[in-house]
Amino acid sequence: MKRHALSTRLWHWINAISLVVLFMSGLNISNAHPRLYWGEWGFAPEDAWLHVWRFPGWATIPGHYSLAAARDWHVLFAWVFAVSLLLFMIAALLNGHFRRDIATRASEWRPAAIWADVRAHLRFEFDHPGAKYNFLQKAAYGVVLFVLLPLMIVTGMAMSPGMDAAWPFLSEMFGGRQSARSVHFVVAWLLFGFVVLHLALVLLNKPARHVWDMIAGGPSDEAA
């Protein structure tokens, strides 16, 4: 049995590529109108709750300002992102990955147990015998998988004029299309922060082994 099932490995790398393209093309799109609003409408600078800085070409896709090209990249990889996430979630339900490795137990929510995990992380002690992930990892993965990633999809749909015309309840869920755009922007940066933290922890704990395990699967007593 492999430490990481083939479905998990495929999704991990497809999702990583999708998020990079979506984030960088999204920065290019943001440059077209670098202000965020709440509600259904917004354009005037004085109505914005946040004035976003302009992102340099090296951080965007394409590397020069082009709203049309950035939207093409964004829409294409939004489909890759959404379909691959759906297929991964189906596979994770069928092979027990969610139940076995992501779901938390009542005992793990005890303050003493959580504090023990925090102290272990602060000491750079990441091994957790008897389980693939500790509580903090399960909680982080759970929030990303079941809150942040779905929010990106739903807010993206709510921002689309075509989707909004067909299913106006999507934007109404967030109080308007501009609110959906604001939530989309905030969640994108929360995912960016998660990725940075994830990479930092991998680099601090046997990075070559973890990368190879995510490519080849790695030996284990149970699949994931």
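In this predicted model, Arg-100, Asp-101 and Lys-132 are joined up in a network of salt bridges. Asp-101 pairs with Arg-100, with 3.6 Å between the closest N and O atoms, and the side chain of Asp-101 also meets that of Lys-132 at 3.9 Å, N to O. Asp-101 sits in helix H3 (residues 97-102) while Lys-132 belongs to the loop between helix H4 (111-122) and helix H5 (135-159), so this pair ties together parts that are 31 residues apart in sequence. With a relative accessible area of just 1%, Asp-101 falls under the 20% cut-off and therefore counts as buried. Lys-132 is buried as well, at 7%.

The structure holds four salt bridges, and another of them turns up in helix H9. Here Asp-213 bonds with Arg-209, the closest N and O atoms lying 3.8 Å apart. Both residues are in H9, four residues apart, or about one turn of the helix. Asp-213 is buried, with a relative accessible area of 8%, whereas Arg-209 is partly exposed at 39%. Taking the charges of the whole protein, there are 18 positive and 14 negative side chains, and the centres of the two sets are 7 Å apart.

Stepping back to the overall fold, the secondary structure amounts to nine helices and two strands. Along the sequence the order runs α-β-β-α-α-α-α-α-α-α-α, which puts one helix ahead of the two strands and the other helices after them. The C-alpha trace spans about 55 × 35 × 35 Å along its principal axes. Of the 224 residues, 41% are buried. Among contacts with a separation of 6 or more, 72% are between residues 24 or more positions apart. The protein exposes about 12,800 Å², with carbon and sulfur atoms supplying 73% of that area.

Some of the nonpolar surface gathers in a patch made up of Val-75, Trp-79, Val-83, Leu-86, Leu-87, Ile-90 and Leu-94, which together have about 760 Å² of accessible area. Val-75 lies in helix H2 (residues 67-94) and, at 48% relative accessibility, counts as partly exposed.

Ser-30 offers a look at a buried site in helix H1 (residues 6-32). Its relative accessibility is 8%, so Ser-30 counts as buried. Beyond its neighbours within four places in sequence, Ser-30 touches Val-52, Phe-55 and Phe-185. Another pairing across the chain involves Gly-218 and Ala-5, which are 213 residues apart in sequence but have their C-alpha atoms 9.2 Å apart in space. Gly-218 is in the segment after helix H9 (207-216) and is buried too, at 7% relative accessibility.

Two backbone details in loops round off the picture. The peptide bond from Ile-61 to Pro-62 is cis, with omega near -10°, and Pro-62 is located in the loop between strand E2 (50-51) and H2. The other case is Lys-206, where phi is near 50°, a positive value in a residue other than glycine. Lys-206 lies in the loop between helix H8 (177-204) and H9, and is partly exposed, with a relative accessible area of 44%.

How values were computed. Residues are numbered from 1 along each chain as its sequence is written. This is a predicted model: local features need pLDDT of at least 70, side-chain atom pairs count only at pLDDT 80 or more; totals for chains, interfaces and linings use all residues. Side-chain values use heavy atoms; hydrogens and water are left out. Patches are made of residues with over 30% relative accessible area and no salt bridge: like charges are joined within 9 Å, nonpolar side chains (Val, Leu, Ile, Met, Phe, Trp, Tyr) within 5 Å. Accessible areas come from the Shrake-Rupley method with a 1.4 Å probe; for residues, only the protein chains shown count as cover. Buried means under 20% relative accessible area, exposed over 50%, partly exposed in between (1.4 Å probe, protein chains only). Contact means heavy atoms within 4.5 Å. Lys and Arg count as positive and Asp and Glu as negative; His and the chain ends are not counted. The place of a charge is taken as NZ of Lys, CZ of Arg, CG of Asp or CD of Glu.
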